[in-house]
Amino acid sequence: MAQRPLTLMAVHAHPDDEATGTGGVLARYAAEGVTTVLVTCTDGRCGDGPGGVKPGEPGHDPAAVAAMRLVELEASCAALKVTHLEVLGYPDSGMMGWPTNDAAGSFWTTPVPEAAQRLAALIDRYQPDVVVTYDENGFYGHPDHIQAHRITMAAVELTGSPAKVYWTTVPRSGMEEFGKTLRELGVEFPEPDPDAPPAGPPMGLPDEEISTWVDTRAYGPQKFDALAAHASQGENIFFLRMGKEKFTELMGVETFVRVRDTTGAPLPEDDLFAGLR
Ligand SMILES: [Zn+2]
């Protein structure tokens, strides 16, 4: 029986999220012959415009920003050797509380079952063995990330087919080192204040709650290039300022929580496809 190649699908909210959270696994598994599918849910129109102009400022043209970001996304996919890029094209909802949250057709206001149907059709077409998305807080509370999580979990329910589903996360143990490096590079990254009330659910997880640690250091340069393809976005600049070597050192191991599994692969694991090959 001819074997179908293994397939990885990553579902992300905006152009550039694929690079920061899953650039390593996309590049690594593509190099191993896995078919990789990136689904980007929104058009990124609430991102920075050319010259760093912020949304809502004069000269910020959301349609032009979306067009620019699609070109960047395609360049990032080329760097990561993504096999198939699928853009759902929902209008970016902007950060939590922005008026764009409620704009007609925004991803955040799209009923979950409606968007989940579209994603389920892609799952049916590509038959991914592994699907990766965010946790229920969208990792850091962005409405489009939360919505990407919701539609992915709904689409997995609808299709029932992916053998494994993961949520991206970061180890809290690594965040201190990360903050220190950024401060050394002159980036404002607040020292943790033990007395301050938390602004939201804490980011990341204690090491023992992380099920899956994937070494992608060999693909650090590709991940860096993917992020560099999105250099129009101010928030990416501090990563790029690290340079490839430091970036790979800090961002070279990608971590996940396995939330669905039909393989019985023992945990912790170091491969999203453990139990499938
Ligand atoms: Zn995002």
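These are my notebook entries on a predicted model of one protein chain.

**Overall build**

I started with the whole fold. I counted eight helices and seven strands in the protein. Next I looked up the overall dimensions, and the C-alpha atoms fill a box of roughly 60 × 40 × 35 Å along the principal axes. The radius of gyration is 18 Å, which agrees with the value near 19 Å for a compact globule of 277 residues. Buried residues account for 52% of the 277.

I also pulled one long separation for scale. Glycine 89 and glutamate 208 are 119 residues apart along the chain, and their C-alpha atoms are separated by 37 Å. Glycine 89 is in strand β3 and comes out partly exposed, at 40% relative accessible area.

**Helix α1**

Then I went to α1, residues 17-31. Its 15 residues reach 20 Å from first C-alpha to last, close to the 21 Å expected at 1.5 Å a residue. Even so, I noted a kink of about 75 degrees, centred on glycine 23.

How many of the 15 residues of α1 are buried? Twelve are, so the helix is largely enclosed by the rest of the structure. I read through the names: charged residues are on the buried list, including Asp17, Glu18 and Arg28, and so is Gly23, where the kink is centred.

Alanine 30 sits in this helix. Its relative accessibility is 19%, and buried means under 20%, so alanine 30 counts as buried. From alanine 30 I checked back to leucine 6: the two are 24 residues apart in sequence, with 10.0 Å between their C-alpha atoms.

I looked at what flanks the helix as well. After α1 comes glycine 33, with a positive phi near 90 degrees. On the other side, aspartate 16 lies in the loop between β1 (7-12) and α1. Aspartate 16 also has a positive phi, about 110 degrees, though it is not a glycine. Aspartate 16 is buried, at 4% relative accessibility.

**Odd backbone spots**

Why log these? Most residues other than glycine have a negative phi, and most peptide bonds are trans. Besides aspartate 16, I noted phenylalanine 139, a non-glycine residue whose phi is positive, near 70 degrees. Phenylalanine 139 is in the loop between β4 (130-133) and α4 (143-159) and is partly exposed, at 21% relative accessible area.

For peptide bonds, I found a cis one joining leucine 267 and proline 268, with omega about -5 degrees. Proline 268 belongs to the segment after β7 (253-261).

**Salt bridges**

The structure holds 15 salt bridges. I took a few one by one.

- Arginine 4 and aspartate 129 meet at 3.0 Å, N to O. The pair links distant parts of the chain, 125 residues apart: arginine 4 is in the segment before β1 and aspartate 129 in the loop between α3 and β4. Arginine 4 is partly exposed at 45%, while aspartate 129 is buried at 12%.
- Arginine 125 and glutamate 86 form a salt bridge at 3.2 Å, N to O. Arginine 125 is in helix α3 and glutamate 86 in strand β3, so this pair ties together parts 39 residues apart in sequence. Here arginine 125 is exposed, at 55%, and glutamate 86 is buried, at 16%.
- Aspartate 215 and arginine 217 pair up at 2.7 Å, N to O. Aspartate 215 is partly exposed at 36%, and arginine 217 is partly exposed at 48%. Elsewhere, salt bridges with shared partners join Arg28, Glu32, Asp271 and Arg277 into one network.

I went back to α1 for that last item, and Arg28 is one of its buried residues.

**Surface patch**

Last, the surface. Which residues make the nonpolar patch of about 360 Å²? I have Met95, Trp98, Tyr140 and Met203. Of these I followed up tryptophan 98, which lies in the loop between β3 (84-90) and α3 (112-126). Tryptophan 98 is partly exposed, at 34% relative accessible area.

Technical notes
Residues numbered from 1 in each chain as written. Predicted model: local features only at pLDDT ≥ 70, side-chain atom pairs only at ≥ 80, totals over all residues. Heavy atoms only, no water. Patch = residues over 30% accessible without salt bridge, like charges linked within 9 Å, V, L, I, M, F, W, Y side chains within 5 Å. Areas by Shrake-Rupley, 256 points an atom, 1.4 Å probe, with all protein chains shown as cover. Salt bridge = Lys/Arg side-chain N within 4 Å of Asp/Glu carboxyl O. Helix = DSSP H or I, 4+ residues; strand = E, 2+ residues; numbered from the N terminus. Buried < 20%, exposed > 50% of the residue type's maximum accessible area, 1.4 Å probe, protein only. Expected span 1.5 Å × (residues − 1). Bend = angle between axes of the 7 residues up to and from the residue. Rg over C-alpha atoms; globule rule 2.2 N^0.38 Å.
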